[in-house]
Amino acid sequence: MSTAVERFDEAARARFASHGRTVIHRGELLRHPVYTRVLHWTVAVFFILSLLSGFAIYTAWLYRWLTPIFGGGPTTRLLHPWFILGFVTGFVLQLLNWMQPMSWTPDDRRWMRRLQEYVSNTDAVAPEYVDFFNAGQKVYFWAIVARAAIFLVSGIPMWFPKTFGRPLAAIGYVLHDVAAIVMLVGFIIHIYEGTAAQPGTFHSMTRGTVDRRWAWTHHPAWYRRATGRDPRADYDQAVQHQSERRESDNS
């Protein structure tokens, strides 16, 4: 199974790389290739479309101004499940793409025990064992997997109420709405973490690269593997150069 997934992923990366490119400037590392970025933004677009059309359907009294965007109320109801299917399909491909780096390891349990330090930004540099993704990113990712499954399973009886019956459709509505609310909260946190909380992260999903300072600060184990250098030593050297530059400017 893993071999088949790896072959599929490598072939997809190669196809997308032939149609797009990632420019890596001096002092930068490749973080996300073209294929990964396309999947990420495809999932994001379908999620936003699903969210907006869902608001227009389930709280029409408040969001009725959204239905004209999709061509009116009936068209909005028609398009909403297809937006969900687009979101789920894109995320399944992303799941295959990130199966290996998103796998849980003993180091992730160590990271979770230091969650308070991460939230409070106590450490200037992440622990040396943090690899391509930290445990928080993995938890968020697998939570999306679970919610995507809930969206799909709960949406089917809602889409075909005559086939599944009104009780199952009613349960589907509740599960669908709860999953949507949780997903929205997670989406807001995701935007914050990818912009204000960690400057440079958003750049990795637009241009595909990050600077080395970002890499050794947030993902030292990945930095070490990608460059063969000691992330802590490079951090200390950067701090020393910055201190010397300040002293030079003040003199």
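## A salt bridge in helix α5

R110 and D107 are 3 residues apart in helix α5, which means that about one helical turn separates them. (A helix is a DSSP run of H or I, at least four residues, numbered from the N terminus.) Their side chains meet in a salt bridge, with 3.0 Å from N to O. Such a bridge puts a side-chain nitrogen of Lys or Arg within 4 Å of a carboxyl oxygen of Asp or Glu. Searching the whole structure turns up 7 salt bridges.

## How to read this model

The model is predicted: local features need pLDDT of at least 70 and side-chain atom pairs pLDDT 80 or more, while totals for chains, interfaces and linings use all residues. Residues are numbered from 1 along each chain as its sequence is written, and side-chain values use heavy atoms, leaving out hydrogens and water.

The average pLDDT (the predictor's confidence in each residue, from 0 to 100) of the protein is 89, and 99% of the residues reach at least 70. Among the elements, α12 has the highest mean, 96, and helix α3 (residues 60–63) the lowest, 76. Where pLDDT is low, the predicted coordinates should not be read in detail.

## The second largest pocket

Now for some empty space. The second largest pocket has a volume of about 600 Å³ (an open set of 1 Å grid points where a 1.4 Å probe fits, with protein on both sides within 12 Å along at least five of seven lines; the volume is the space filled by the probe spheres). Of its 33 lining residues, those closest to the centre are N97, W98, Q100, P101 and F132. Elements giving two or more residues to the lining are α1 (2–17), α4 (73–97), α5 (106–112), α7 (135–159) and α12 (220–227).

Helix α1 provides the largest share of this lining, 6 residues. By type, the lining has 15 nonpolar, 8 polar and 10 charged residues.

## A nonpolar surface patch

L78, W82, I150, L152, V153, I156, W159, F160, F164, L168, I171 and L175 make a nonpolar surface patch of about 1,100 Å² (residues with over 30% relative accessible area and no salt bridge, nonpolar side chains joined within 5 Å; areas by Shrake-Rupley, 1.4 Å probe). The elements α4, α7 and α9 (166–197) each give two or more residues to the patch. Helix α7 gives the largest share, 5 residues, and L175 is found in helix α9.

How values were computed:
1 Å grid on protein atoms, 1.4 Å probe; cavity = no way out; pocket = protein on both sides within 12 Å on 5 of 7 lines; lining within 4 Å. Nonpolar A, V, L, I, M, F, W, Y, C, P; charged D, E, K, R; others polar. Patch = residues over 30% accessible without salt bridge, like charges linked within 9 Å, V, L, I, M, F, W, Y side chains within 5 Å.
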